[in-house]
Structure formats: C-alpha cells, structure tokens
Amino acid sequence: MVYIAPSILAADACRLSDEVLKASRSGADFIHCDIMDGHFVPNISFGPHVVAAVKKCSPLPVEAHLMISEPDRYAAAFIDAGADIISVHCETPEKSRKAADLIRNAGRMLGLVVNPPTPFESIQALFDLRPELVLCMTVNPGFGGQEFIHDVLPKIRAVRESLNPTYLSVDGGLNTNTIALAARAGANFIVAGTAVFRAQDPVSAVKELRMAASQA
Ligand code: DX5
Ligand code: ZN
C-alpha cells in the first residue's frame, strides 16, 4: 500500500478550500501541511489556523510538517488545530524530543524528519520515540517545485531495512518518475505538492502517482 499526501504549499491560496476538497476527492490518503517559520527554513508559510481550516474542510487525516526552530513551543497549537500526524525535525533533537512528549500525550502520531545532508544516525538517535512515520526529505526544505535529490535513496533504503517504520515518507520533487525510485528504496508515504496541485487534473495526477509507485 502506498499512501499519497498532497502538500497544500503548492495549492492556489486564493481557493484553498476548493483545492483541499479536490485533493480529498482525488483518492489521496492524507493532506500534508508545510509549516515554515522563516528561521529553520528560508521561507514563511502558514500556521495552526490553516491546519484547523484544512481539518474542517477535508475528511482526510492531516500531517503538520513542522519546519520550525521551536517545535516544542508550538506543538500544542498544532495538536489543538487537530493535526493527526505532527512531524518534527531531527536537526533540533532536544526540542523535537520535548515536542514528541506533547504529541504522544495528546494521542497523535509522531513523524521524525531528516534533511538530505543529515545522516541516518540522526534518526536512529531519536528512534526510541517510536515514530509512526519517518520522513526522508528529498529536497532541501523551504520551497515546493524543486528537483528530487537522488543521493537520499540509500538513506531511504537504510531506514526501511533497519528501522522499518509504519510510514516511510519522502517529500520534495516527487512525480511519476521519481516516485518509482523512492518506492523501490522502501518509501510507502509520498508527499507531492507540484505534481498534484499544478496538474491539469489532481484526480488523475494522484492515480498516476499511485500507478507509478505500484510499478516500482
Ligand atoms: C518543502 C516541503 C515539501 C514541498 C513538496 O520544504 O516540505 O512538502 O512542499 O513540494 P513538491 O512536491 O512541489 O516538491
Ligand atoms: Zn513537507
């Protein structure tokens, strides 16, 4: 089973509810919300109120991907907003540990994220947190529409072989070509922004992504 999670960073912000509804009806499994603070990454996106709005207008579970320097300070706000999975970065280990406690106490799923240059060992060092999801970034975080970084593939394989999380996610530059590479390496949770929201028809885009992954 491959899970598809459209990232609303690539959605038309003028018509967000329509875009979320379209993605929800496209056969996707989760909605991915990219939270950026302009400090951990060189971009600012949106906050918990948008996650709450997405929860209101979509029946799909929502992942909040926290690309922020203080995940411990803001985790509660994303819990209150209703996020089903809250994904925090291994690059801020102590703050992500504290955030993980809050996420667990609220009964939500935990995601651990690593950037392309961050080694596999950084996930291992936090794996005692028992995350449901491990996300291997396949672009340097901050923007949609970037090229897939193939050098991440061995790390994806190592995560599948040694840690084997329920959800092994990849995020950034996924399309019908790169999804097969990621799936072959062991990914089963595909975040896609541009490939879905900039497609002529998101419904067929999600179908094509799923098809491409199943042929891996
Ligand atoms: C980048 C975000 C990704 C991005 C994916 O920092 O974490 O989720 O929005 O966008 P695409 O699929 O367009 O690369
Ligand atoms: Zn993301």
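**Figure 1. Polar contacts of ligand 1 with Gly142, Thr194 and Ser7 in a predicted model.** A backbone N or O atom of Gly142 is 2.7 Å from an oxygen atom of ligand 1, a polar contact being a pair of N or O atoms within 3.5 Å. Side-chain N or O atoms of two residues also approach oxygen of the ligand: that of Thr194 at 2.4 Å and that of Ser7 at 3.2 Å. The protein buries 99% of the 380 Å² that ligand 1 exposes when taken alone (Shrake-Rupley method, 1.4 Å probe).

**Figure 2. The shell around ligand 1.** Twenty residues surround the ligand, and Asp34, Gly142, Asp171, Gly193 and Thr194 come nearest (near: a heavy atom within 4 Å). Eight residues of the shell are nonpolar, 10 polar and two charged, with Gly counted as polar and Asp, Glu, Lys and Arg as charged. Strands E2 (31–36), E3 (62–67) and E8 (189–192) each supply at least two of these residues; strands are DSSP runs of at least two residues, and helices of at least four. The largest share, three residues, comes from E2.

**Figure 3. The aromatic pair of Phe30 and Phe189.** Six aromatic pairs occur in the structure (ring centres within 6.5 Å; planes under 30 degrees apart are stacked, over 60 edge-to-face, the rest tilted). The ring centres of Phe30 and Phe189 are 4.9 Å apart and the planes stand at 50°, so this pair is tilted. Because Phe30 lies in the loop between helix H1 (16–24) and E2, and Phe189 in strand E8, the pair ties together parts 159 residues apart in sequence.

**Notes.** Residues are numbered from 1 along each chain as its sequence is written, chains are lettered from A and ligands numbered from 1 in the order in which they are written. In this predicted model, local features need pLDDT of at least 70 and side-chain atom pairs count only at pLDDT 80 or more, while totals for chains, interfaces and linings use all residues; side-chain values use heavy atoms, leaving out hydrogens and water.

Conventions: A polar contact is a pair of N or O atoms within 3.5 Å; within protein, one must be able to donate a hydrogen and the other to accept it, and residues adjacent in sequence count only if both atoms are side-chain atoms.
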